[in-house]
Amino acid sequence: MAVSPMAEIKDGKVVESQTAQSLAKSRTKNKSTLDKDAFLGLLVAQMKYQDPLEPTSNTEFVAQYAQFSSLEQMQNMANTMELTRASSMVGKVVIVTTTDSVGRETQIEGRVDYVTYENGKSFVSIDGGLYSLEDVYAVEDQTYLDTVELATQFMMAIDKLPIIDNITLDDADTIDALNTIYNKMSDYEKSFVAKAYLDKLEEYTKRIAELRADKNEGSGDGDKDDDDKKPDSDGDKEDSTGKS
């Protein structure tokens, strides 16, 4: 569009009118986006300051307005979808990535208490703090959290056992219980247990089996010794009568 001859020129440059300056501030405030009122203001300014020798047709104005209306509807739909997505996180545990003033990233994990919508953006509330939906790094499912907790407790119980050389039959009940818990786990739950812990549990299980075998063998030898020590009833009878 040609520059209107009515526009003010100073030092060889076109001076922006008050309306144009207002629109520029509006664009800066909204990060280079225009709302419906700002767009209408822009159309009015365009009509007011257009070159009378090369005026813009009404058809072009209507086309621009229709294009903006379609864009506005798409933006409203996107905002609604964002708010719906944020609302679905209420009650769930999420991980948020934040960046401090020196550019250092940290992650915050917590349960979403509520969702708020301010200045066209969705925010989730975690432990009293508000974080942008864009900063949500991950959403953790409750099944996932329960499985992680089960696997963590299972591995901690193995860590509490004595070293393999100090294992005794007093630890047998604990080791049997750990094997029972693991056997009852689903394949998904088992996948969260580190292989090193499974190898360790297998060593403990073998050691308990050896101790039990040693105990049973010792009990059997003791019974045999007792049998050897039993007197021969017939021999005792012959000795008592003096008969050979």
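1. Aromatic pairs. In this predicted model, the count of aromatic ring pairs comes to three. One of them joins Tyr 188 and Phe 192, whose ring centres are 5.1 Å apart. The planes of these two rings stand at 75°, and planes over 60 degrees apart count as edge-to-face, so the Tyr 188–Phe 192 pair is edge-to-face.

2. Ring cluster. Tyr 188 and Phe 192 also belong to a cluster, linked by ring pairs, that takes in Tyr 144.

3. Accessibility of the edge-to-face pair. Are Tyr 188 and Phe 192 buried or exposed? Tyr 188 has a relative accessible area of 41% and is partly exposed. Phe 192, at 26% relative accessibility, likewise counts as partly exposed. The cut-off for buried is under 20%, and for exposed over 50%.

4. Packing of H4 and H5. Helix H4 covers residues 142–159 and helix H5 residues 172–184. Their axes lie 11 Å apart, and the packing angle is about 155°. Angles over 145 degrees count as roughly antiparallel, and H4 and H5 are therefore roughly antiparallel to each other. The crossing in which H4 passes H5 is left-handed.

5. Residues at the H4–H5 contact. On the H4 side the contact is made by Phe 154, Ala 157 and Ile 158. H5 contributes Leu 178, Ile 181 and Tyr 182. How do the residues of this contact divide into nonpolar, polar and charged? Six are nonpolar, with no polar and no charged residues.

Definitions and conventions. Residues are numbered from 1 along each chain as its sequence is written. This is a predicted model: local features need pLDDT of at least 70, side-chain atom pairs count only at pLDDT 80 or more; totals for chains, interfaces and linings use all residues. Side-chain values use heavy atoms; hydrogens and water are left out. Axes are lines fitted to C-alpha atoms, for helices over the stretch in contact, and angles run from 0 to 180 degrees between N-to-C directions. Helices (H or I, at least four residues) and strands (E, at least two) are DSSP runs, numbered from the N terminus. Angles under 35 degrees count as roughly parallel, over 145 as roughly antiparallel, 65 to 115 as roughly perpendicular and the rest as oblique. A crossing is left-handed if the near helix is turned anticlockwise from the far one by less than a right angle, and right-handed if clockwise. Contact means heavy atoms within 4.5 Å. Ala, Val, Leu, Ile, Met, Phe, Trp, Tyr, Cys and Pro count as nonpolar, Asp, Glu, Lys and Arg as charged, and the others, Gly among them, as polar. Rings of Phe, Tyr and Trp (its six-membered ring) pair if their centres lie within 6.5 Å; planes under 30 degrees apart count as stacked, over 60 as edge-to-face and the rest as tilted. Buried means under 20% relative accessible area, exposed over 50%, partly exposed in between (1.4 Å probe, protein chains only).
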